[in-house]
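Q: I would like a close look at a single part of the structure shown here, followed by an account of its wider setting. A connected answer in formal terms would be welcome.

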Amino acid sequence: MMRLGKAMRSLWAGSALVAFAMPASAQEAAAGPLLAAPAVDEATAESVVVTGSRIARNGFSAPTPATVFNAQTIQSLGQINVAETLRIIPQNSSFQSDANAGITAGGNVGASFANLRGLNPFFGTRTLTLVNSRRFVPTSDGGAVDLNVIPSALIKRVETVTGGASAAYGSDAIAGVVNILLDTDLEGFKAQVDYGQTARADGRTWHGSLIYGTGFAGGRGHIVFGGEYQKQRGIGDCAKVRLWCAASNDVYTNASTILPGGRTSGYNIPGSPGFGLPNFIIGPGSKQAFNDARGVVRDRAPAAPAARNIRFTDDGRGIVQFDPGQYVSSSQTGPRQGGDGASTFDDSDLQTPVERKIGYASAEFEVSEALKIATELSYAERTASNSGVTAGPRSTYFVQARNPFVPDALRALLGNTSFSLGKDLDGQVASDNRAKATVFRGVLGLSGAIGGGWTWNGYYQYGHNKRDQDRTNSRVNTPFVYALDAVRNPATGEIVCAELLRPNPDPIAQGCRPLNLFGIGNLDPAAVAYAYRPVVENFRYTQHVLSGSVQGNLHDGWGAGPIGVAAGVDYRDEKGNVTHGDIPNYTDYAFTFGLDFGGTIKVLEGFSEINVPVFRDGPLGNLLELNGAVRYTRNRSRDSYSAEAKTTEATSWKLSGIYDLVDGLRLRGSRSRDIRAAGFRELFLKNQPTESGSSQGIVDNPAIPGSPAGGDDPTPILNGGSFALRPEKADTTTAGGIVSPGFLKGFRVSVDWYQIKIRDAVTTLPGQRIVDFCTQFTLFCDRITRASATDITFVDARQVNLGRLTLRGFDIEADYTVRLSDLAAPLAGSVNLRVLGNRQYDFIVQPNPGVASRNYAGQSGPVGDAGDFNPTPPWIWNGFVTYDTDRFTTVLSMRRINRGILNVERTGPEDAGYDPAAINSISTNRVAARTYFGLAASYRIPIGRNDRAVELFATGENIFDRKPPVAPGGGGLGGSNYPTNPVYFDTFGARWRAGLRVRY
């Protein structure tokens, strides 16, 4: 507390020099269209200066780039989930949503997270999500909040601040803040029911909500309560339900690939079929190497050459020749083009099935002018699932020629050699990932007047998140090997597991039943139950928050308005625990969720803020207002398992200003220092090293002759959190202006330049990246263990602080409203045009001062460094044209993603310096542009006075059914989850939703 007292004294002293973001004078906007940016009479807005988001404002009046969507906007577009609203904000990248589960098996399946500027790291978040200007309990172990658990039926508006906001809100706000404000003043009854589906009759969604609010005690009290339900059936396996996906475009590696007969081919092997072609090839027909439902003999030792590339017949008793396709990696894993077998994308769910239930209640009561009591209670459930890949035999698991299930014809080809079996088990042994999360949040707030225009407020918040996840049929490695090694018992003639015939069999072999993996339909259920078992993960997270602040006018000012100040203290205590059930030999499973981990994070913060109107209506202009904030943060973390503890301290600050030079021209700018301490998963996650030789346990070792290849050095790779992580620091600068010319009434446009520089970025590096950094820059070499130069035995790829990220770009917003009666008296209603744009021209990553930087701006393809940053296309535009009358509203929407780069780390024919003999060469390095259109309409039928009405509505998205462009490479099983990037491009196709709303 002594440290806090010292910090608070310095904060109060600093408050005389810095300023916090307060709105300037009122901005007039014509009433009318539902999609117009919501106008606010700031002269009458509540004078709260703790956080800017507690004052209703639009993006044109804020000192930093901001976007606001109100309830009318959300309803007119037919949206039923906050995640849908964030998708139309071009600064947000939905890298975690129901549209990109793929074949992954994460606990966040079905969740949707805010991700401003694409800056969220894989294990954490740099976007802070608030509800009613308060933190919400994290629903993921990475600290993010699932937007599914927030009641969309109660949303009053969604405010997005795309700039540093740590001084105002605390840690995690490096990229900005999404503040979801609920209508706690609702009067009357609201209900909605709706149904939607795609034009192909899948993706069915049912949704309903019921809300009621009323005052009591003569207006001194108010209560709102209600609930919401949504059931989304999802869209099935990509290649099976969409023709564009069935084409199965992918990226293939043309280096040291295996040709039938044992020869190798590649861009760097003269005389081979691949010579003269680039290292990376994009084309259709993606399938996984030696992956076939009937089973195939891999093209590798120790199998006799004559037995390789042999496939079993459907009944498993005969053999035929197998077509392995092209670009088959020497690692025996990853994508290959053409040949026999199913598409790589046969198991990638296009849309995750999700069911969500939400209950909400709020109440407030004014005891006296000096005391108001308020409370919020919310409960939510989210259940989701996706189908995944069932682990078949590893390439290093060998079947003996003596196995009685082996057909005689194959045994003759094998001689006395064993063979590696490739087998696609997905259609015979289902592996489904399911997760259910329940979230409770309760808030008790007190506020009141002190006197002299000063007010105080404080609150206590409790939040608890419970997530239970399970995955069916995960391969258990040792039992699988025993079940695969089948022999005939010489005493009985019965086919049994060989281990059981040993004098002292391994106790794990008890209950072993032999696996017949040849053909289709020959699996003994008892053998499957022995070799495949479920894995689970249980996540519990509890949050306690205490916050108190005072605010008021420090001085009447100099005629421009009073000087407002605020100060307060925040305390946050969070505890989490991740366990995996009472599963013996848990680390022996092919797919696990890591080891048990847990810890506590306690954060104490003090903040001070001030707003200084310098002049108004003076000779230098109409208005100059300076504002700013400063916050001291002490973060203490403790590992529940190792008892390791650490404490970090940091100071964040922000300076901003608004300058109205003349009528219709406002200039604004800000500069901030923001911080983010490592979060729960980044600190505490523990993992088992990957299986050596698996698709996750192999690297390219440049010291091995013939490298590079698809992976030539099998080695365990350790991922996970680290207590050595330092807090991230970011410097954010914005500068821009707003024009609202008097000669064009109802028109406003804002253009803002932004720059974000992040130092010590917390990053997850793949094992291969560690090896590359060591080879090229002698960086992270201490994380690699070698038996010799050509034998890497271990790679430590746990979280690191990595150099710098620098982002630069422009945010653009235009809004124009015209009353049709101003054009011609008989015309009714009004028309509004609103356009949002984002141009990102720099996304520079520099791992270390001694390492060359790389600019990822404009990349439309895969994420960077295993998802630790998410580049965006060069331009993203969202536009809306709204026609509105008293009863009828229709909206034409457009989303435009400009032509982008597939992968900036590679060079294609479109790029300068392209050379097919170069290691980074690719057959094409561009992603085509796409434009999507939507159409929504609603009709209101009044049922009495005020705003009571019945409203019919319908909406269509991607109404011209545009298929996505080819943009593979998003990771997953050595290849891609989809042939395109579902973050930016629509993969569902044309779809519609229709429903009924009642307001009474």
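What covers the buried residues of α8?

A: The model is predicted, and confidence in it may be stated at the outset. The chain averages a pLDDT of 88, and 92% of the residues score at least 70. Residues 1-60 stand apart in this respect, since pLDDT stays under 50 over them; for that stretch the model has 179 contacts beyond four places in sequence.

The elements that cover the buried residues of α8 include the strands β23 (398-399), β26 (454-475), β27 (486-488), β28 (495-497) and β29 (532-555), together with helix α9 (525-531). Helix α8 itself spans residues 477-484, and because six of its eight residues are buried, it is largely enclosed by the rest of the structure. The buried residues in α8 are N477, P479, F480, Y482, A483 and L484.

Helix α11 (residues 767-777) offers a second example of a helix with buried residues, namely G767, R769, I770, V771, F773 and C774. Its buried residues pack against β35 (698-699), β37 (717-718), β40 (784-788) and β41 (791-796). Just after α11, T778 adopts a positive phi of about 50°.

The nonpolar interior comes next. In soluble globular proteins, nonpolar side chains tend to be buried together. Here the largest nonpolar core has 66 residues, and L119, I150, I180, L182, F680, I758 and F843 are those with the most contacts inside it. Strand β39 (residues 747-763) gives the most to this core, with five residues. For I758, leaving aside neighbours within four places in sequence, the contacts are L119, R126, I174, E728, K729, A730, G803, R804 and L805. Another core, of 31 residues, lies apart from the largest one and has I310, A401, L425 and Y530 among its members.

F680, named above among the residues with the most contacts in the largest core, also takes part in aromatic pairing. The structure holds 30 aromatic pairs. One of them joins F597 and F680 in a tilted arrangement, at 5.5 Å centre to centre with 35° between the planes. F597 belongs to strand β31 (residues 597-618) and F680 to helix α10 (residues 680-684), so this pair ties together parts that are 83 residues apart in sequence. F597 and F680 are both buried. F680 also pairs with F684, here edge-to-face, with 5.3 Å between the centres and 65° between the planes. In this case both residues lie in helix α10, four residues apart, or about one turn of the helix, and F684 is buried, as is F680. A single aromatic cluster is formed by F539, Y541, F597, F680, F684 and F723.

Aromatic rings also meet charged groups. The charged end of R834 sits over the ring of F69, 4.6 Å from the ring centre. Likewise, the charged end of R906 sits over the ring of F280, at 3.6 Å from its centre.

Charged side chains are also paired with one another, and the structure holds 49 salt bridges. In one of these, E376 is bridged to R134, with the closest N and O atoms 3.0 Å apart. Because E376 lies in strand β22 (residues 371-387) and R134 in strand β3 (residues 134-135), the pair ties together parts that are 242 residues apart in sequence. Both E376 and R134 are buried.

A further salt bridge joins R157 and E159, whose closest N and O atoms are 2.6 Å apart. R157 counts as buried because its relative accessibility is 11%, and E159 counts as buried because its value is 5%; the cut-off for burial is under 20%.

Strand β39, which gives the most to the largest core, enters this account as well. R748 forms a salt bridge with D815, the closest N and O atoms being 3.6 Å apart. With R748 in strand β39 and D815 in strand β42 (residues 800-819), the pair ties together parts that are 67 residues apart in sequence. R748 is buried, at a relative accessible area of 5%, and D815 is buried at 2%. Finally, R126, R676, E682 and E728 are joined into one network by salt bridges that share partners; R126 and E728 are also among the contacts of I758.

Methods:
Residues are numbered from 1 along each chain as its sequence is written. This is a predicted model: local features need pLDDT of at least 70, side-chain atom pairs count only at pLDDT 80 or more; totals for chains, interfaces and linings use all residues. Side-chain values use heavy atoms; hydrogens and water are left out. Rings of Phe, Tyr and Trp (its six-membered ring) pair if their centres lie within 6.5 Å; planes under 30 degrees apart count as stacked, over 60 as edge-to-face and the rest as tilted. Helices (H or I, at least four residues) and strands (E, at least two) are DSSP runs, numbered from the N terminus. Buried means under 20% relative accessible area, exposed over 50%, partly exposed in between (1.4 Å probe, protein chains only). A charge sits over a ring if NZ of Lys or CZ of Arg is within 6 Å of the ring centre and within 35 degrees of the ring normal. pLDDT is the predictor's confidence in each residue, from 0 to 100. Contact means heavy atoms within 4.5 Å. A nonpolar core is a set of buried Ala, Val, Leu, Ile, Met, Phe, Trp, Tyr and Cys residues joined through side-chain atoms within 4.5 Å. A salt bridge is a side-chain nitrogen of Lys or Arg within 4 Å of a carboxyl oxygen of Asp or Glu.
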